[in-house]
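Thanks for coming, everyone. I'd like to walk you through one structure today, so please have a look at it with me.

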Amino acid sequence: MRRRLFAAVLGGALLLAGTAGCGIPANTEVRVEGAGPAAEAGSSSGIRGEPPNRSASGSKPEQFVKNFLSAAAGEPDRAYQRVRNFITPEDQDRLQVKEGSEVALTVVRLTEEPVIVNDPNKTEVTLKVQQVGQLRADGTLAPPETSTTSYSFELRTQEGRADAGLFVANPPNVLLLSVDALEAYYQSRTIYFWNSGRTRLVPDQRYLPLAVPDERLVSEVVKWLTAGPSLWLRSGVTGLPDGTRLINNATRTDDRWEVDLEMPDEKLRLEQLATQLAWSLHDVDGQLEIKIRTQPRKDIRDLEAHRQANPVYQVGDGFQRFCVYEGAVHPLSDATGTVATVPVVAEANRNVVAAGLSRAEDQIRAALVVTEAGRQWLSVGTGLDPAVAVFNRSAKGYGAIGRPVWLRSTDRGEPAGLVVADGVLYRFDAQAQLTPVSLGVPGPVKAVAASLDGHRIAVIAGGALYVAALSPTEGGVTLGPARRLPTRLTDLSAVDWYGEDKLILAGEVGRPAVYEVSVDGTRDNRVEDKIGARVTHLAAYPANTEVPRNAAMYEANGVAYSSPPFERIQPEQVQVSPPSTGTRAGNPTAPFFLY
């Protein structure tokens, strides 16, 4: 078995650490230093991925605080003991111990450096934090259970003790875990659940302690699947049949795994479970046999071959870049010199200010925001490749319409999308009929983005970032409860999906910036902050299982940029036929991807 994902995550963490610079500027988390994993990934001997113990920092308060914020990391059944070892004996009972599924770690992002005030008899510590979530024993990150923004405790030495060093006195009554410790001592994994129609897999994120040996990986993933999806996704996906459970642990002989389950013996369910398992174990190769009550029922002879035969997405091998230029949609040149065609007939490609295009097999879906008489209208059309010829216009005009996005969860015969108009979220169909969609959160809606699977959306509403599960219904869509995601950015202006488990978000962090944000808010990393103006338009191509690369484009102050790295999109890159003559060329605006 190869742990390719672990290597990729570790490499990404090292790259980020190498580019972060020295020191800890304001609004940056404290990096956890000290001892790392005791053995390389893939090792099954000894304990690996354990955080530093209490004595590892000696008498250095700064390092001790960092280690204390990682002490809870690892397997849940020992989390309380690891943290209690940091606490003075007389104060250990202040931390109420929980067991089993009740164990939860309070994940926080430090918004400032820890304030450490030394005193002859004690050292006082104050932590300013942003609540990120509750890491549960099943690997899910649930929403925060508190809005606390500050924690205080003391550091003391214990006179007469042979194991000299610092201890925590008057500790917080929760198990604190910094987001840096989460990154250092856990592997972020993606498992998959079928949508309600059992036609498409939907990603769901989990965290696996690096201390868990490889021999238990398959068992842990199967347990996650049998326990069901994360709470915020449940309205948009389907779990395994009630009563499904793992009988004993999964076993391995050479490169062959065996999983024994208690579940209904139905051929279709087994076939779907096989694909679900193959992708949820996407870094496991070899064979996998599924048994029901010890009886062999499904044999996957080659997990990698099974994944290739049953792809998660149908997105081809890449994307094409487009923009709005001189009131019309035009393609942008790329490094290969490939010349794309505009998939919209010239008669409809006029007075355009923004657009959203999507492919569905041999069909093109086009949604154009056009201006007329001082109002903006949504013009929608679908047709066979290479160009959409017939369009329908919305029944009314609006003061401002955002970038329309198509939902890939709808089948070829019932195309639908989402768009924000005058602060309200709408569903639109091929006839350009707009139907309001209730989010259940306060404030006007500013932007919406749809994931590649089509069953998750991201929304900026009331100045905050949310994600929600989406289920298509006849003539509409149903949204599950919206989950608010923490981020360091303020004045949020645009969002799109950047991968299966991450978003790209525009806002401000002292100045205009674009950040990468994980779908649960744990990652909040800078992508670009040399912008100089508020981002008014943002579009991305999400990295995925078939095309593991992403790209993004944005517009600020009427100028468009493309990555990687972010560079200005010049008028010369716009493929205009025939070329404009006699007038000064304007700037390309509202860039977007077609895939």
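I'll take the cores, then two sheets, and finish with a pair of helices.

A word on the source: this is a predicted model, where local features need pLDDT of at least 70, side-chain atom pairs count only at pLDDT 80 or more, and totals for chains, interfaces and linings use all residues. Residues are numbered from 1 along each chain as its sequence is written, and side-chain values use heavy atoms, with hydrogens and water left out.

Let's begin with the inside. The largest nonpolar core has 54 residues, and Leu368, Leu378 and Phe428 have the most contacts inside it. By nonpolar core I mean a set of buried Ala, Val, Leu, Ile, Met, Phe, Trp, Tyr and Cys residues joined through side-chain atoms within 4.5 Å. Buried is under 20% relative accessible area, with exposed over 50% and partly exposed in between, using a 1.4 Å probe and protein chains only. Strand β19, residues 363-372, gives this core its largest share, 6 residues. Strands here are DSSP runs of E, at least two residues, and helices are runs of H or I, at least four, numbered from the N terminus.

Which residues does Leu378 touch, leaving aside neighbours within four places in sequence? Among them are Leu368, Ile401, Val419, Phe428 and Leu434; contact here means heavy atoms within 4.5 Å. Apart from this core lies another, of 51 residues, including Val202, Leu246, Leu505 and Val517.

Now the sheets. In one open sheet, 4 strands follow the order β18-β19-β20-β21 with antiparallel pairing, where pairing requires at least two DSSP bridges between two strands. β18 (352-360) and β21 (392-393) stand at the edges with a single partner strand each, so one side of each has no neighbour in the sheet. Inside, β19 and β20 (residues 375-384) run antiparallel and are joined by 10 bridges. Our core residue Leu368 stands opposite Ser379 in β20.

The other open sheet also has 4 strands, in the order β31-β32-β33-β34, again antiparallel. Its edges are β31 (490-497) and β34, each with a single partner strand, so one side of each is left without a neighbour in the sheet. From one strand to the next, the twist averages 30°. β31 pairs with β32 (residues 502-508) over 5 bridges, and Ala494 has Ala506 in β32 as its bridge partner. β33 (residues 512-518) and β34 (residues 524-528) are antiparallel over 4 bridges, with Glu516 opposite Asn525. In their hairpin, with 5 residues between the strands, Gly521 takes a positive phi near 85°.

And finally the helices. Is α5 largely enclosed or largely open? 8 of its 11 residues are buried, so α5 is largely enclosed by the rest of the structure. Those buried residues include Leu217, Val221, Trp224 and Leu225. Their cover includes β8 (186-195), β9 (201-209), β11 (245-246), β13 (256-262) and α6.

The axes of α5 (residues 217-227) and α6 (residues 267-280) come within 11 Å and cross at roughly 125°. Axes are lines fitted to C-alpha atoms, for helices over the stretch in contact, with angles from 0 to 180 degrees between N-to-C directions. Val221, Val222 and Leu225 of α5 make the contact with Gln276, Leu277 and Ser280 of α6. Just after α5 comes Gly228, with a positive phi near 100°.
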